[in-house]
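Work through the exercises below with the sequence and the structure side by side. Each task is followed by a solution that proceeds step by step.

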2 protein chains.
Amino acid sequence: MTISDIAKMAGVSSSAVSRYLNNGYVSAKKKEKIKAVIDKTGYVPSRQARMLRTKRTKVVGVIIPKIDSDSISRIVAGISEQLLEDDYQLLLTNTENDYKNELKYLKVFRQDFVDGVILLATAITNEHKKLIKSLKIPVVAIGQKVDFISSIYHDDYGAAYAMTEKVIEKGHRDIAFIGVPEWDVALGINRLNGFKDCLKDNNVPFHPEWNLTGMFDMESGFDNTKKLMEMDKRPEAIFCVTDTIAMGAIHCLNKLQIKIPDDVAVCGIGNGRTATVMEPPLTTVDYFYKSSGIEGAKMLLEKIERPKSPLMSTMLGFELIERESL
Amino acid sequence: MTISDIAKMAGVSSSAVSRYLNNGYVSAKKKEKIKAVIDKTGYVPSRQARMLRTKRTKVVGVIIPKIDSDSISRIVAGISEQLLEDDYQLLLTNTENDYKNELKYLKVFRQDFVDGVILLATAITNEHKKLIKSLKIPVVAIGQKVDFISSIYHDDYGAAYAMTEKVIEKGHRDIAFIGVPEWDVALGINRLNGFKDCLKDNNVPFHPEWNLTGMFDMESGFDNTKKLMEMDKRPEAIFCVTDTIAMGAIHCLNKLQIKIPDDVAVCGIGNGRTATVMEPPLTTVDYFYKSSGIEGAKMLLEKIERPKSPLMSTMLGFELIERESL
DNA sequence: TTGTATGCGTTATCAG
DNA sequence: CTGATAACGCATACAA
C-alpha cells in the first residue's frame with residue numbers, strides 16, 4: 001500500500017495525496033476523496049521513505065547511565081511523556097555506567113538516525129565535548145550544567161545548602177558527609193560545596209575525616225556509615241548526597257541499633273519512591289525529576305524545530321521534605 | 001558522503017562497496033581499496049536508505065506500562081543489553097498504565113517502523129489479541145504467559161506456593177493475602193492460586209476476609225495492612241503479592257508499632273532493590289528479571305531472523321530469599 | 001491548485 | 001567475481 005496506490009484509487013496524482021498528508025494545497029473535493037480512500041484502506045505513509053526524503057526521523061535518542069535508578073526512570077518518564085505529545089519516538093540507549101558506551105552511542109547518533117539527543121549526564125569530559133560538537137544534531141544535557149550545549153539541571157548547591165541549614169537548625173554541629181566522586185560535578189562538587197559553605201556561614205566546623213566518598217549505591221551508604229560509627233568520635237548527623245546512599249546509611253544504623261534521629265540523624269537528596277517507607281522515613285529534597293525530563297524534551301524539540309535558537313540553561317528548583325530521619 | 005562517492009574514490013562500482021559492506025563477493029584487492037577509503041572518510045551507510053531498501057530497521061519496540069518500577073526497569077535493562085549485543089536499537093514506549101496507550105502503540109508499530117515488539121504485559125485482552133494478530137512483525141510478551149505468541153514468564157504459581165510453604169513452616173496458620181486484580185493473570189490469579197493451593201495442601205484454612213485486593217503500589221500495602229490490623233481477629237502473617245506492596249505493609253506495621261516478624265510476619269515477591277534495606281529486611285522471591293529481559297530479546301530476535309520458527313513459551317525459575325521479615 | 005518528473009542512498013537483479 | 005540499472009516510497013521543483 002503506497003502513496004500511488006492511494007492516488008490511483010482516489011483518481012488523483014500521488015503528489016496530491018502527499019500534499020494532503022502534509023497539509024499543502026489540495027482542493028476541498030480532492031481532500032474528501034483522498035480522505036475516503038485513506039480511511040477505507042487504513043493507509044499509513046512509510047516512515048522510512050519519509051525519513052530518507054526529509055532527512056528527519058522524528059526520533060530522539062536518549063542516553064542514560066543506567067535504568068534501574070529512581071531518579072533516572074522518573075526523568076525518562078518525563079521525556080517520554082513530552083515526546084509522545086509531540087509525536088516523537090524515544091530511542092533509549094543504556095550505557096550501563098560505562099563511560100565508553102556513552103561516547104559510543106554519541107557516535108552512533110552522529111549518523112543521521114535521530115533528530116536529536118538527550119544526554120542524562122554524569123561526567124562531561126573533553127572527549128564528550130569534542131564528540132558533541134561534531135554532531136550535526138542538537139544535544140541537550142539533563143542533570144549537569146554544561147557550558148557548550150543547552151541543559152536542564154537541578155539546584156544542587158542550593159538544595160545541599162538548604163538541607164544543611166535544616167540539619168544545623170535541628171541542633172547538630174557534628175555533621176558527616178557521604179558523597180560521590182568529583183567527576184560528577186553536580187553531585188560530587190556542587191552538593192559538597194553547598195554543604196561546606198553552609199557550615200562555614202553558620203560557623204559550624206567542617207570535619208575532613210567525616211567527609212567520605214563512595215559510589216552511587218546503597219552499599220556506599222552502608223559501608224561508609226559503618227566506618228563513621230567505628231570512629232572514636234561519632235558524628236551526630238550524616239548528610240548523604242543521595243537518597244540511595246541514605247537508605248544504605250539508615251539500614252546500617254538500624255542494624256547497629258543506633259537510634260535515628262536521636263543518636264544519629266540522616267538526610268538525603270532526591271526524594272526516591274521508597275524514601276517514605278524507610279524506618280524512619282527519610283528527610284530529603286524533591287527535585288521534580290519528571291519535570292526536568294519534560295523540560296529537557298521541550299528544549300530539545302525546540303532546538304530541532306529551530307536549530308538557530310540560542311543556547312539555554314535552565315535550573316530547576318527543589319523542595320525540602322521533612323520526615324522523621326532528621 | 002554516499003556509497004557512490006566512496007565507490008568513485010576507490011575506483012570501483014557502488015555495488016562493490018555495497019557488497020563489501022554486506023560481506024558479499026569482493027576480491028581481496030578491492031576490499032583493501034574500499035577499506036582504505038572508508039577508513040579515511042569515516043563513511044557510514046545511511047540507515048534510512050537501508051531501511052527503505054531492505055524493509056528492516058534493526059529497531060525493536062518495547063512497550064512498558066510504567067518505567068519507574070523496579071521489576072520493569074530490570075527487565076528493560078536485560079532487553080537493552082541483549083539488543084545492544086545484536087546491534088539492534090531499542091524504541092521505548094511508555095503507556096503510563098493506560099491500557100488504551102498499549103493498543104495505540106501496538107498500532108503505531110503495525111506500520112513498518114520496527115522489526116519486532118516486546119510487550120511487558122499486564123493484561124492481554126481480546127483487543128490485544130486481534131491487534132497483535134494483525135501485525136506483520138513478531139511480538140513476544142514478557143511477564144505473562146500468552147497462548148498465541150511467544151512469551152517469557154515467571155513461575156508465579158510456584159513462587160507463591162513455595163513462599164506460602166515457608167510461611168507455614170515458620171508456624172503461621174492465620175495468613176492474610178494482599179493481592180492485585182484478576183485482570184493481571186500472572187499476579188492476580190496465578191500467585192493467589194499458588195497461595196491457596198499450598199494452604200489447602202497443608203490443611204491451613206483460607207480466610208476470605210483476609211484476602212484483600214488493591215493496586216500495585218505501596219499505598220495498597222499500607223492501606224490494606226491497616227485494614228487487617230483493625231480487624232477483630234488479626235492475621236499472624238501477611239503474604240504480599242509484590243515487594244512494593246510488602247514495603248507499604250512493613251511501613252504500616254512499623255507505624256503501628258507492631259513487631260515484625262514476631263507479632264506479624266510479612267513477605268513479598270520480586271526482590272526489589274530496596275527490599276534489603278527495609279526494617280526488617282524483606283523475605284521475598286527473586287525472579288531474575290534481567291534474565292527474562294535478555295531471554296525475551298533473544299526470543300524476539302530469533303523470531304525476526306527466522307519468522308517461521310515455532311511459538312515458544314519459557315518459564316523462568318525463582319529463588320526464595322529469606323531475610324528477617326518472616 | 002494540479003500533475004509530472006526527479007532524487008533521497010541503498011540493495012537486489014541480472015547480464016557479463 | 002563485477003558493474004550497470006532498477007527499484008524502495010515519498011516529497012518537492014517545476015511546468016502547467
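**Exercise 1: The rotation axis**

Among the residues of chain B, B:L91 comes closest to the rotation axis, its C-alpha lying at 2.2 Å. Please keep in mind throughout that this is a predicted model.

Task: Work out by what turn and what shift chain B can be laid on chain A.

Solution: As a starting point, two copies of a chain are related by a rotation about an axis and a shift along it. In this model, a turn of 180° with a shift of 0.0 Å along the axis lays chain B on chain A, and the RMSD is 0.1 Å. The two copies are therefore related as by a two-fold rotation axis.

**Exercise 2: Where the two chains meet**

Task: Find how many residues of chain B are in contact with chain A, and which elements of chain B give two or more residues to that side.

Solution: Begin with the count, in which 32 residues of chain B are in contact with 32 residues of chain A. The elements of chain B that give two or more residues to the side touching chain A are α4 (47-54), α5 (70-85), β2 (89-94) and α11 (243-255), and of these α5(B) gives the most, with 6 residues. By class, the residues on this side of chain B divide into 14 nonpolar, 11 polar and 7 charged. Since 100% of the interface residues of chain B are also interface residues in chain A, the copies meet through the same surface.

Next, turn to the strands, where β2 (residues 89-94) of chain A and β2(B) run antiparallel and are joined by 3 bridges. Within this pairing, A:L90 has B:L92 as its bridge partner in β2(B).

**Exercise 3: The surfaces near the DNA**

Task: Determine which residues come nearest to DNA strand C, and which are the closest to DNA strand D.

Solution: Take DNA strand C first, which has 26 residues around it, the nearest being A:S13, A:S27, B:I3, B:S46 and B:A49. The largest share of the surface near this strand, 5 residues, is supplied by α4(B), and the surface as a whole divides into 10 nonpolar, 12 polar and 4 charged residues.

For DNA strand D, the surrounding residues number 25, with A:T2, A:I3, B:S13, B:S15 and B:S27 the closest. Here α2 (14-21) and α4 (47-54) of chain A, together with α2 (14-21) and α4 of chain B, each supply at least two residues. The classes on the surface near DNA strand D are 10 nonpolar, 10 polar and 5 charged.

Conventions
Residues are numbered from 1 along each chain as its sequence is written. Chains are lettered from A and ligands numbered from 1 in the order in which they are written. This is a predicted model: local features need pLDDT of at least 70, side-chain atom pairs count only at pLDDT 80 or more; totals for chains, interfaces and linings use all residues. Two residues are in contact if their C-beta atoms, placed from the backbone, lie within 7 Å. Helices (H or I, at least four residues) and strands (E, at least two) are DSSP runs, numbered from the N terminus. Ala, Val, Leu, Ile, Met, Phe, Trp, Tyr, Cys and Pro count as nonpolar, Asp, Glu, Lys and Arg as charged, and the others, Gly among them, as polar. Two strands pair if DSSP finds at least two bridges between them. A residue is near a molecule or strand if its C-beta atom, placed from the backbone, lies within 6 Å of it. Copies are superposed by least squares on the C-alpha atoms of residues with pLDDT of at least 70 in both.
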